[in-house]
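Work through the exercises below with the sequence and the model side by side. Try each task before reading its solution.

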Amino acid sequence: MKDYRRRDVALAVGLSGVAGYVDAIGFLKLGGFFVSFMSGNSTRLGVGIATGQWAMARTALALIGLFVAGVV
């Protein structure tokens, strides 16, 4: 097993905390849409299309597209 240094563990914990904070703030500001949880946004897209809530569908589609663009 690899011997992890304390600094590496502290960095991992810090980055995980920042990522969680950004995701939580994004979720609150976007009204229930996710910043990093694309399966949740895919579900919201499907619900928006099925129920005719086009604003919800557009928001979910835009977030999914931006996520894919960021990955590329």
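**Exercise 1. The core**

Which residues make up the largest nonpolar core? Keep in mind that this is a predicted model.

Solution.
- Step 1: list the members. The largest nonpolar core has eight residues: Phe33, Met38, Leu45, Met56, Ala57, Ala60, Leu63 and Ile64.
- Step 2: assign them to elements. Helix H2 (38-51) and helix H3 (54-71) are the elements that give two or more residues to this core.
- Step 3: find the main contributor. H3 supplies the largest share, five residues.
- Step 4: recall the general pattern. Nonpolar side chains tend to be buried together in soluble globular proteins.

**Exercise 2. Two core residues of H2**

Find what Met38 touches, then decide whether Leu45 is buried or exposed.

Solution.
- Step 1: take Met38. Skip residues up to four places away in sequence; Met38 then touches Leu63, Ile64 and Phe67.
- Step 2: place Leu45. This residue lies in helix H2.
- Step 3: apply the cut-off. Buried means under 20% relative accessible area. Leu45 has 18%, so Leu45 is buried.
- Step 4: list the partners of Leu45. Leaving aside neighbours within four places in sequence, they are Ala57, Ala60, Leu61 and Ile64.

**Exercise 3. The helix pair**

Describe how H2 and H3 are arranged, and sort the residues where they meet.

Solution.
- Step 1: get distance and angle. The axes of H2 and H3 come within 8 Å and cross at roughly 150°.
- Step 2: classify the angle. Over 145 degrees counts as roughly antiparallel. H2 and H3 are therefore roughly antiparallel to each other.
- Step 3: add the handedness. H2 passes H3 in a left-handed crossing.
- Step 4: list both sides. H2 brings Met38, Asn41, Ser42, Arg44, Leu45, Val47, Gly48 and Ile49. H3 meets them with Trp54, Met56, Ala57, Ala60, Leu61, Leu63, Ile64 and Phe67.
- Step 5: sort by type. The residues of this contact divide into twelve nonpolar, three polar and one charged.

**Exercise 4. Ala62 and Gly52**

State where Ala62 and Gly52 are found, and work out the exposure class of Ala62 and of Gly52.

Solution.
- Step 1: locate them. Ala62 is in helix H3. Gly52 sits in the loop between H2 and H3.
- Step 2: classify Ala62. Its relative accessibility is 41%, so Ala62 counts as partly exposed.
- Step 3: classify Gly52. At 34% relative accessibility, Gly52 also counts as partly exposed.
- Step 4: check separations, C-alpha to C-alpha. Gly52 and Arg6 are 46 residues apart in sequence and 52 Å apart in space. Ala62 and Ser16 are 46 residues apart along the chain, with their C-alpha atoms separated by 25 Å.

Note on methods
Residues numbered from 1 in each chain as written. Predicted model: local features only at pLDDT ≥ 70, side-chain atom pairs only at ≥ 80, totals over all residues. Heavy atoms only, no water. Core = buried A, V, L, I, M, F, W, Y, C linked by side-chain atoms within 4.5 Å. Buried < 20%, exposed > 50% of the residue type's maximum accessible area, 1.4 Å probe, protein only. Helix = DSSP H or I, 4+ residues; strand = E, 2+ residues; numbered from the N terminus. Contact = heavy atoms within 4.5 Å. Axes fitted to C-alpha atoms, helices over the stretch in contact; angles between N-to-C directions. Parallel < 35°, antiparallel > 145°, perpendicular 65-115°, else oblique. Left-handed = near helix turned anticlockwise from the far one by under 90°. Nonpolar A, V, L, I, M, F, W, Y, C, P; charged D, E, K, R; others polar.
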